[in-house]
Every structure is written in C-alpha cells, then in structure tokens.
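Here are my notes for you, set out as numbered points. Please have the model open while you read, and follow along residue by residue.

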Amino acid sequence: MAETINDLLKGNRAWVKDIKDKIPDFFEQLEAGQSPKFLWIGCSDSRVPATEITNAVPGSIFVQRNIANMVVHTDSNLLSVVYYAVMVLKVKHIIVCGHYGCGGIQAALSNKRYGFLDNWLVHIKDVYRIHKDELDAFEDDGLRSDRFVELNIQEQVNNLSMVSFIQEQWEKGEFPYIHGWVYSLNNGLIKDLGVTVNDFHHLDEVYQYKKKKDLNEKPKP
Ligand code: CO
C-alpha cells in the first residue's frame, strides 16, 4: 500500500510502463479525446474506486464521488458533472454505486456530532426519515445498516430522476438509463439493485416536469 507521496509518483511511472508494454499507443489514443459511456456516482471511500472494481480502462467512466454517493440538488459541482456527462458526453448510463459498511451511512445513523460534516450527513438522515418504518423494524444493527445503504442508493437514483434536464432528455427518447448498484467490501462483488429507470413515472407527480405543450394547454384562471 502507498504510504508516501514518493510511493504514488513511483507507482505512476510503474503504471505507465505496464500499460505501454501492453498497449504501445495507449496514451496517443486517449489524448485524442474521451467518449465514456458511463457516469459513475460513487462514495469517496478509498476502497471503492470505479475503474479498478469494474476492470475498466481509463477513458471508460466519467466519475463523481462524494461521501455516501449522494445526489443533492444544490450541489453545483455534482450537477455540473451530471450536466456535462448527459448533455455533452452523451453517456448512456449513470450508475449510482454505494457500498455496504459505508462510513457516511454509519455516521448518519448515529446521533454523534461530526462538526461541519453534519451538514452533509443531514441529507442521508433525510433518507432515513423517508424509510423510518422499514429501517426501525430491524433488530440487527448490521442488517439495518445494509438496508439503509441500499435504500440510500435507491433514493439517489430517484434524486437523479428529478433533475429537469435529465427528464428533458427522456422526453426526447434519449439516454441515460440510471442504475443503482451496491458494492461488497468483503468479496469485491457488485450487486445490481434492480432499480434501473429511464423515465420519471416512478416519482411523485409533483417531481414530474411536463412538456411545454401540456403547460400551454392548462386553462387560464
Ligand atoms: Co462510503
């Protein structure tokens, strides 16, 4: 494991050598531009790196990571990444990938203070409130935490579905599909949660943006 800054720089040179041995024109190819088919929204956790765990080469996945893979509608950093990925790169799939044993989820489950971080964790606590009945019914803390991880991923898929420019793309019959995945730290495997969407009909009606045409048809008061 890398311990010093020098380890990372040495690691970089070793990586370049390895990749050039396998694919001599690898960097010339990448320099020409990127056209990834996937946007990854994952946790910042050092153990869940998007490209390594999917065995994907650089150029494959556009990535945004934060604590507990959250989609917060006032996060202009995340929204800019999503906008660029969807509208410019035209990615076909957005993957929200959480992981069991997530520290952010554990922290949100507790009543401890984490200083500035509490302002981020409150968004995770909001997910708990939505699913309080189901989560409070667990007697086993581990099972409750695992289910919370899954429900949080599902809610972030919902949060992405609420983004107006994504809904606009769907109305035009365009990508993306939005997927919810969960990664297991104990065996390295990803599970598809089966919550894939490419329309907004699973959302409460208040989150569904209507076509401009429909709005015009509304009777005037
Ligand atoms: Co995490």
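The points below go through the metal site, the cysteines, the aromatic pairs, the salt bridges and one helix residue.

1. A word on the basis of these notes. This is a predicted model, in which local features need pLDDT of at least 70, side-chain atom pairs count only at pLDDT 80 or more, and totals for chains, interfaces and linings use all residues. Residues are numbered from 1 along each chain as its sequence is written, and side-chain values use heavy atoms, with hydrogens and water left out.

2. Let's begin with the metal. Which protein atoms are the donors of the cobalt ion? They are Cys43 (SG), His99 (NE2) and Cys102 (SG), lying 2.0 to 2.3 Å from the ion. Donors here are N, O and S atoms within 2.8 Å of the metal (3.2 Å for Na, K and Ca); water is not among the atoms, so sites may look incomplete. Along the sequence, the spacing of the donor residues reads C-x55-H-x2-C. The pair Cys43 and Cys102 links distant parts of the chain, 59 residues apart: Cys43 sits in strand E1, and Cys102 in the loop between strand E3 (93–99) and helix H5 (103–109). Helices (H or I, at least four residues) and strands (E, at least two) are DSSP runs, numbered from the N terminus.

3. Staying with the cysteines, both Cys43 and Cys102 are buried, and for Cys102 the relative accessible area is 2%. Buried means under 20% relative accessible area, exposed over 50%, and partly exposed in between (1.4 Å probe, protein chains only). Cys97 is also buried, at 1% relative accessibility. How many disulfides does a search of the whole structure find? The search finds zero, a disulfide being a pair of cysteine sulfur atoms within 2.5 Å. For Cys97, the closest cysteine sulfur is that of Cys43, and at 9.5 Å this is too far for a bond.

4. Next, the aromatic rings. The structure holds seven aromatic pairs. Rings of Phe, Tyr and Trp (its six-membered ring) pair if their centres lie within 6.5 Å; planes under 30 degrees apart count as stacked, over 60 as edge-to-face and the rest as tilted. Trp40 and Trp181 have ring centres 6.2 Å apart and planes at 80°, so this pair is edge-to-face. It joins distant parts of the chain, with Trp40 in strand E1 (residues 38–43) and Trp181 in strand E4 (residues 177–183), 141 residues apart. Trp40 is buried at 1% relative accessibility.

5. A second pair deserves a look on screen. Tyr128 and Phe148 are edge-to-face, at 5.3 Å centre to centre and 85° between the planes. This pair too links distant parts of the chain, 20 residues apart, from Tyr128 in helix H6 (residues 118–130) to Phe148 in helix H8. Are these residues buried or exposed? Tyr128 is buried with a relative accessible area of 17%, and Phe148 is buried at 0%. Elsewhere, ring pairs link Trp15, Phe26 and Phe27 into a cluster.

6. Now for the charged side chains. There are eight salt bridges in the structure, each a side-chain nitrogen of Lys or Arg within 4 Å of a carboxyl oxygen of Asp or Glu. One of them joins Asp21 and Lys17, with the closest N and O atoms 3.1 Å apart. Both residues lie in helix H1 (residues 5–22), four residues apart, about one turn of the helix. Asp21 is exposed at 56% relative accessible area, and Lys17 is exposed at 52%.

7. Two further salt bridges make a useful comparison. Arg47 and Asp45 meet at 2.7 Å, N to O; Arg47 is partly exposed at 45%, whereas Asp45 is buried at 15%. Arg129 and Asp126 have their closest N and O atoms 3.5 Å apart, and they are three residues apart in helix H6, about one helical turn. Arg129 is exposed at 59%, while Asp126 is partly exposed at 30%. In addition, salt bridges that share partners join Glu134, Arg147, Glu150 and Lys191 into one network.

8. Finally, please have a look at Asn152. This residue is in helix H8 (residues 141–161) and is buried, with a relative accessible area of 1%. Leaving out residues up to four places away in sequence, Asn152 touches Ala68, Asn69, Met70, Ile105, Ile124 and Val127, where contact means heavy atoms within 4.5 Å.
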